[in-house]
Amino acid sequence: MAESFGPRAALHARVNIFWSCNVFHLKRNIPAWERVIRLCLGVLAALGAFYFLPPGGLQVLGFAVAAMMGGTAVVGFCPACAMLGRRAVGSLK
């Protein structure tokens, strides 16, 4: 009972905290060339929303689309592609 309050318990708690950070893992389903294209289109969509859309809901929607494209490019995972059955990159090898 006294061991649960010792230094080993604190070390065990720290290890569990760091280990639990890797629980949420998404396999990439977007190849590198498509990630580059998505990132460029996301930047263009953000610039287009800023310069060409009127302030308000439509501009916010444009920024949301740009953020979605940029986010999927950075992470490498597209939920819509996964729902349509796109496999992980490198899973065919």
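Colleague: How many disulfides does a search of the whole structure find?

Modeller: This is a predicted model, where local features need pLDDT of at least 70 and side-chain atom pairs count only at pLDDT 80 or more, while totals for chains, interfaces and linings use all residues. Numbering runs from 1 along each chain as its sequence is written, and side-chain values use heavy atoms, without hydrogens and water. Taking a disulfide as a pair of cysteine sulfur atoms within 2.5 Å, the search of the whole structure gives a count of 0.

Colleague: Why is Cys 78 not bonded to Cys 81?

Modeller: Cys 78 is buried, with a relative accessible area of 8%; buried means under 20%, exposed over 50% and partly exposed in between, using a 1.4 Å probe on protein chains only. Cys 81 is buried too, at 14%. The two sulfurs are too far apart for a bond, because the distance from Cys 78 to this closest cysteine sulfur is 3.4 Å.

Colleague: Which helix has the highest mean pLDDT among the elements of the protein chain?

Modeller: The pLDDT is the predictor's confidence in each residue, from 0 to 100, and the protein chain averages 80. Helix α1 (residues 7-20) has the lowest mean among the elements, 50. Where pLDDT is low, the predicted coordinates should not be read in detail. The highest mean, 96, belongs to helix α2.

Colleague: Which residue's backbone oxygen lies 2.8 Å from a polar atom of the side chain of Arg 35?

Modeller: Arg 35 sits in helix α2 and touches, among others further than four places away in sequence, Ile 30 and Gly 76 (contact means heavy atoms within 4.5 Å). The backbone oxygen at 2.8 Å from its side chain is that of Val 74.

Methods. Helices (H or I, at least four residues) and strands (E, at least two) are DSSP runs, numbered from the N terminus. A polar contact is a pair of N or O atoms within 3.5 Å; within protein, one must be able to donate a hydrogen and the other to accept it, and residues adjacent in sequence count only if both atoms are side-chain atoms.
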